[in-house]
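Please open the model in a viewer and keep the sequence at hand. The stops below proceed by selection, each followed by what is to be found there.

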Amino acid sequence: MPVRTRSLKKFKAGTTLYIRIEVRDATSSTPASNPAILIRDPSGTIQIDYSSMTQIDTGHYSYTYQTTTTSAIGVWSIGFKVTNVSLTVYTPERDGFELVP
């Protein structure tokens, strides 16, 4: 079992979640773009399979995820992929949030 290094945000099932990331590329003058998000429920089932995120401004992106009152209770994981020209980087999937009844 992985060790958690931070406490998870808890949300009531049925809540709309607003997930935001900041993307930087310190090695290139071309900004990284096209971030996408992966969301897995507590059983490991993919609920969102690398869906595009919305750009808020340069380097800042968001994604809105609507949970339902019947969404699985427990710890959900989130991963991201970002493309910069021809390079695609995947972040490790991490515990993203916890849904509670």
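## First stop: Thr 67

Select Thr 67, a buried residue whose relative accessible area is 1%. The model is a predicted one, and the values quoted on this tour are computed from it. Thr 67 lies in the loop that runs between β6 (60–66) and β7 (74–84). Display its side chain together with Gly 14 and Thr 15. The side chain of Thr 67 reaches the backbone nitrogen of Gly 14 at 2.8 Å, and it also reaches the backbone oxygen of Thr 15 at 2.6 Å. Expanding the selection to residues in contact, and leaving out those up to four places away in sequence, adds Lys 12, Ala 13, Gly 14, Thr 15, Leu 17 and Leu 99.

## Second stop: the sheet of three strands

From the loop, step back to β6 and colour the open sheet of three strands, whose order is β2-β6-β5 with antiparallel pairing. Which strands stand at the edges? They are β2 (16–22) and β5 (54–57); each has a single partner strand, so one side of each is left without a neighbour in the sheet. Neighbouring strands of this sheet are turned against each other by 35° on average, direction ignored.

Now isolate β2 and β6, an antiparallel pair joined by seven bridges. To locate one of the paired positions, select Ile 21, whose bridge partner in β6 is Tyr 61.

## Third stop: strand β7

Select β7 next and show the surface of its surroundings. Nine of its eleven residues are buried, so β7 is largely enclosed by the rest of the structure. Its pairings can be taken up in turn:

- β3 (33–40) runs antiparallel to β7, and six bridges join the two; the bridge partner of Ala 36 in β7 is Lys 81.
- β9 (94–100) pairs with β7 in the antiparallel sense over five bridges; here Gly 74 stands opposite Leu 99.
- β8 (residues 87–90) pairs with β7 in the antiparallel sense over four bridges; Lys 81 stands opposite Tyr 90, and Asn 84 stands opposite Leu 87.

Lys 81 is therefore worth labelling, as it has Ala 36 as its bridge partner and stands opposite Tyr 90 in β8.

At the hairpin of β7 and β8, two residues lie between the strands, and Val 85 takes a positive phi near 60°.

## Fourth stop: Phe 80

Remain in strand β7 and select Phe 80. Is this residue buried or exposed? Phe 80 is buried, with a relative accessible area of 15%. Draw a distance from its C-alpha atom to that of Ala 36: the separation is 5.6 Å, although the two residues are 44 apart along the chain. Beyond four places in sequence, Phe 80 touches Ile 19, Ile 21, Ala 36, Ile 37, Tyr 50, Met 53, Val 89, Tyr 90 and Thr 91.

## Fifth stop: the largest nonpolar core

In soluble globular proteins, nonpolar side chains tend to be buried together. The largest nonpolar core here has 17 residues, and Ile 37 and Ile 39 touch the most other members. At least two residues of this core come from each of β2, β3, β6, β7 and β9. The greatest contribution is that of β7, with four residues.

Centre the view on Ile 39. Its contacts beyond four places in sequence include Ile 19, Ile 48, Tyr 63, Tyr 65, Trp 76, Ile 78 and Phe 97. Among its further contacts are Thr 45, Gln 47 and Ser 77.

## Last stop: colouring by confidence

Finally, colour the model by pLDDT. The protein has a mean of 88, and 87% of its residues reach 70 or more. Among the elements, strand β4 (residues 46–52) has the highest mean pLDDT, 97, and β8 the lowest, 87. Then select residues 1–5, where pLDDT stays under 50 and the model has two contacts beyond four places in sequence. Where pLDDT is low, the predicted coordinates should not be read in detail.

Notes
Residues are numbered from 1 along each chain as its sequence is written. This is a predicted model: local features need pLDDT of at least 70, side-chain atom pairs count only at pLDDT 80 or more; totals for chains, interfaces and linings use all residues. Side-chain values use heavy atoms; hydrogens and water are left out. Buried means under 20% relative accessible area, exposed over 50%, partly exposed in between (1.4 Å probe, protein chains only). A polar contact is a pair of N or O atoms within 3.5 Å; within protein, one must be able to donate a hydrogen and the other to accept it, and residues adjacent in sequence count only if both atoms are side-chain atoms. Contact means heavy atoms within 4.5 Å. Two strands pair if DSSP finds at least two bridges between them. Axes are lines fitted to C-alpha atoms, for helices over the stretch in contact, and angles run from 0 to 180 degrees between N-to-C directions. A nonpolar core is a set of buried Ala, Val, Leu, Ile, Met, Phe, Trp, Tyr and Cys residues joined through side-chain atoms within 4.5 Å. pLDDT is the predictor's confidence in each residue, from 0 to 100.
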